[in-house]
Amino acid sequence: MSTLTSAANPSRGLRWDAWAIVLWIGAGLIMAAFLWVLLDLLGRGLGQISWSFITEAPENAGRAGGIGPILVSTLLILMVCLAIAVPLAVGVAVFLSELLPHRSRLRRIVQISLDALAAVPSVVFGLFGNAFFCIQLGLGFSILSGGLTLACMVLPLLIRTTESSIRAVPQRYRLAATALGMTRSRVILRLVVPLAVPGIVVGTLLALGRAMAETVALVFTSGYVDRMPGSLLDSGRSLSIHVFDLAMNVPGGDANAYGAGVVLIFALLVINGAVLCLAKTWKARSGMAITAAT
Amino acid sequence: MYLRSPARASTVLSPMLIGAGALALLASALIAFIFFVVLGEAMAALGEIGLWRFLTDASWHPSSGEFNLLPMVAGTGLVAAGAMVLAMPLGLIAAVFVTFYAPSPVATAYLRLIELFAGIPSVLYGLWGLVVLVPIIADLAAPGSSLLAASLVLALMVLPTIALIATMSVRSVPLERIQAARALGFTKASTMVKIVIPSARKGLAVAAILGAGRAVGETMAVMMVAGNIVQVPESIFEPVRTLSANIALEIAYAMDVHRSALFVSALVMIAFVVLATALLEFVTNKQAMPDVHPD
Amino acid sequence: MPGKDLESEIRHGHHGGNVMTVAQPCIEPAAHREPERHLWCISDLTVSYGEVIALSSVSLNIKENSVTAVIGPSGCGKSSLLCCLNRLTDFIPGCCVSGRILMHSKDILGGQIDDTRLRKQVGLIFQKPNPFPLSIRRNFELPLREHGIRDRQEIEHIMQSTLEATGLWKEVKDRLNKPAHQLSGGQQQRLCIARALSLRPDALLMDEPCSALDPISSGQVEELVLSLRERYTIVIVTHNLSQARRLGTDVALFWLRDGKGTLVESGPASQVFEAPRDDLTKLYLRGAIA
Ligand SMILES: Nc1ncnc2c1ncn2[C@@H]1O[C@H](COP(=O)(O)OP(=O)(O)OP(=O)(O)O)[C@@H](O)[C@H]1O
Ligand SMILES: [Mg+2]
């Protein structure tokens, strides 16, 4: 993602012509459409934001009041998701990049199945989570079910980014550590994985953004309840579901839907900014590029 | 990479290899597991209703025992096709623009923004569609919530993905090839059409497949603007219901065979995904990709 | 890891414990007055990477507490030889080693010495300085902890003494928590040497340690090697003949014959430089062929 923009732009000595005009107009229209979406959202939503909106509980089905409990539920769902997915992804990535010979058939199979997993629509994850976590495991509509479902969903992305950051650790450090008498497993645990941490963090942030944007997989798993959750086994409404519900099911809920939408956008902007900053500082510090899959 | 080592005993690292290997197997079995869970839930409907009736029943009225999925399949296909028809050329325009026409700072800023828009939650695109776009379309032709609205919103949603992948593949066209064409007297425009786009076709195919996959799977934004009436639309201004919207709308109250029938429609979507993944493997043929290990 | 005895070995300095007692001359030098101790006795060593034969039937003895300079044109298998001596070849894909290498009379290829222990006893310095991209302190902590030294003060002490031994202490003592790759190339290389010394090895293998350095830095590294040669067995690969002359007590010349790396001549530096037996050596030393 970030490598794209850092590449020098070759202007390639081309002149203005009819095509240039078409392309400038086309590109301008694309940007205009996106800015329309963004500015509309900010224009209608920013006015709703206040301290009480962030902290108070929703009232009157969300038309009034704030989003306090919804923020808490969202955070809990994301924490469950990452707590499960990150360790799993690091383990798998270590296996794929360090322990398997890189032309092995097993590796190919794992990668194809992860590609397929990445392509599964989120509505199917929602059905799966509903059938398996909520009903078969008896977790019900709960934050736990929602977080687990999201963990399955972001796993391929996390594995891919972790694997590529482990691969970005230059081979000579592995050789140097081995030459100092470190065993292979210690080289991996003490040197390679720690050196890959910046990339893993960036991948985690990307996964966080993906999970936070998700709606439909949570509708069937963590549910709609907008009260403050008492435990991970309570149902909890995520921010994105709240936006959806206010817009679709609550007449007169638009204003607060926009307010919640702005909070969502703001969180994503922070994540996006953090990714850019971290990638830059870490690159400067260690001289290793942070590669993140799109 | 550590490979085939002639070393003995001490390099056999059991606990770590076994642990990480088990996790990898778990992760790669997940897709199969999801498939079997969904299949298991769908079995009841497949047994009771049978595949055939999903295609031949009068309509989709689960309460009166009618389970025709075709209107939803058509809806999904039409919405996704409409989105792709809009998004592919636009994505290509954006890619060519940032690579060949935009001055460097403009290109950088443009891509940053596109990356940002790639991350905007679908529900917010849906909100915009519902509040801004649908009333505009309703002025043209009621009711506003329609195939057109869904396609437009979806096009906007898949456009960033397509534009980013297309940019990457257009950028990877070797400069020499472009210079050679220019030296042969090709105009800039015909260099684009005859050299750049054909050279980047693999990446563009990947962009199209990933974009289409996203378009077919998208639920929330589409559901918010499509009108969700079960019918095969006769014009772009008529409401439609997609497979995924159908699931999201009905799962909350569906029971027994009805619930099971919704899992059947999820199977249809999984089948599509498997197809798309296979196509992707075929197009990219990753075996040919070198294993990069920078030093 | 046998933490206890390693620890005491490091505390009491290298060549402590029972390592020394098993070190014996493994080949009786016929004409010599007093038997010389050999750290490594290499016989019939062949190294190949798939089709490429990097070394073919090399037999060579490497004396203890001496500097053996390995010279020869590019691609004749010098680096491969070093990698065999600490069995780093295990980690090079496609690398196949046959023959016998005795170290302290133990067959290292046959696995009579545990490979991590072997690598602790034999430090390797790479051509390109490669401190870990961590702080200077971490660069010492990581390998020391691996070998069972956990005590902070002891780590601190070992770090300081090896940094002093490599003349780096004054330059870095105020920036021990700064990233190691912010040091200059020469400092990095000396840091790598210090890091290797911190494990109290018996021997150091140096693969063109000065080739990435400016003349002043390489001068410092050379002085360091000279100061170490009383206490360590050093094998140094170099393309710089005058460096080999300055540092080497013994010299081994390798050559590419029919695409295979072979040993042409080896012996005490004085003999090889003053009275080379082989014609190839004469020409090479005269700089007539590269
Ligand atoms: N990892 C490897 N895979 C395949 N072939 C290799 C590998 N390492 C070395 N070789 C080959 O083995 C031969 C000897 O290589 P080696 O690095 O030992 O030479 P060298 O004498 O150290 O050369 P230089 O002076 O350039 O460092 C060369 O032909 C080289 O191409
Ligand atoms: Mg070499």
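A helix here is a DSSP run of H or I covering at least four residues, numbered from the N terminus. With that in hand, here are my notes on this predicted model, starting with the residue that called for the definition.

1. Thr76(B), inside a helix. Thr76(B) belongs to helix H3 of chain B, which covers residues 70-101. Is Thr76(B) buried or exposed? Its relative accessibility is 9%, and the cut-off for buried is under 20%, so Thr76(B) counts as buried. Leaving aside residues up to four places away in sequence, Thr76(B) touches Val216(B), Arg241(B), Thr242(B) and Leu243(B). With Leu243(B) there is also a polar link to look at: the Thr76(B) side chain reaches the backbone nitrogen of Leu243(B) at 2.8 Å.

2. Asp57(B), in a loop. Your eye may next go to Asp57(B), which sits in the loop between helix H2 (53-56) and strand E1 (60-61) of chain B. This residue is buried as well, with a relative accessible area of 12%. Which residues does Asp57(B) touch, not counting those up to four places away in sequence? They are Gly65(B), Glu66(B), Phe67(B) and Asn68(B). For a sense of scale within the chain, Asp57(B) and Leu124(B) are separated by 67 residues in sequence and by 36 Å in space, C-alpha to C-alpha.

3. Chain B as a whole. Stepping back from these two residues, chain B contains twelve helices and two strands. Along the sequence the order is α-α-β-β-α-α-α-α-α-α-α-α-α-α. The C-alpha trace of chain B spans about 65 × 65 × 30 Å along its principal axes. Chain B has 295 residues, of which 53% count as buried. Among the contacts in chain B with a separation of 6 or more, 71% are between residues 24 or more positions apart.

4. Strand E9 in chain C. Moving to chain C, I would look at strand E9, residues 250-257. Six of its eight residues are buried, so the strand is largely enclosed by the rest of the structure. On one pairing, E9(C) runs parallel to strand E3 (residues 67-71) of chain C, over four bridges. Within that pairing, Val70(C) has Ala252(C) as its bridge partner in E9(C). E9(C) also pairs with strand E10 (residues 260-268) of chain C, this time antiparallel and through eight bridges. Here Leu253(C) is matched with Glu265(C) in E10(C). As a reminder when looking at strands, side chains in a regular strand alternate between the two faces of the sheet.

5. The turn after E9(C). How many residues lie between E9(C) and E10(C) in their hairpin? There are two, and Asp258(C) in the turn has a positive phi of about 50°. It would be a good place to pause while viewing the backbone.

6. The two domains of chain A. Chain A is split into domain 1, residues 2-48, and domain 2, residues 51-293. Their C-alpha centres are 29 Å apart. Ten residues from domain 1 of chain A and ten residues from domain 2 of chain A take part in the contact. Together the two domains bury about 860 Å², with 73% of that area on carbon and sulfur atoms. There are zero salt bridges between them, and one residue pair is found in polar contact across their interface. On the domain 1 side, helix H1 (2-6) and helix H2 (18-45) of chain A each supply at least two residues. H2(A) gives the most to that side, with six residues.

7. Where chain C meets chain A. Here 26 residues of chain C are in contact with 18 residues of chain A. The two chains bury about 2,000 Å² between them, 69% of it on carbon and sulfur atoms. What is the count of salt bridges between chain C and chain A? It is one, formed by Arg186(A) and Glu146(C), whose closest N and O atoms are 3.5 Å apart. Three residue pairs are in polar contact across this interface. On the chain C side, helix H4 (115-121), strand E6 (122-125), helix H5 (136-146) and helix H8 (185-197) each supply at least two residues. The largest share of that side, four residues, comes from H5(C).

Technical notes: Residues are numbered from 1 along each chain as its sequence is written. Chains are lettered from A and ligands numbered from 1 in the order in which they are written. This is a predicted model: local features need pLDDT of at least 70, side-chain atom pairs count only at pLDDT 80 or more; totals for chains, interfaces and linings use all residues. Side-chain values use heavy atoms; hydrogens and water are left out. Buried means under 20% relative accessible area, exposed over 50%, partly exposed in between (1.4 Å probe, protein chains only). Two strands pair if DSSP finds at least two bridges between them. Domain bounds come from an automatic or database domain assignment. Contact means heavy atoms within 4.5 Å. Buried area is the accessible area (1.4 Å probe) that two parts lose on being put together, summed over both. A salt bridge is a side-chain nitrogen of Lys or Arg within 4 Å of a carboxyl oxygen of Asp or Glu. A polar contact is a pair of N or O atoms within 3.5 Å; within protein, one must be able to donate a hydrogen and the other to accept it, and residues adjacent in sequence count only if both atoms are side-chain atoms.
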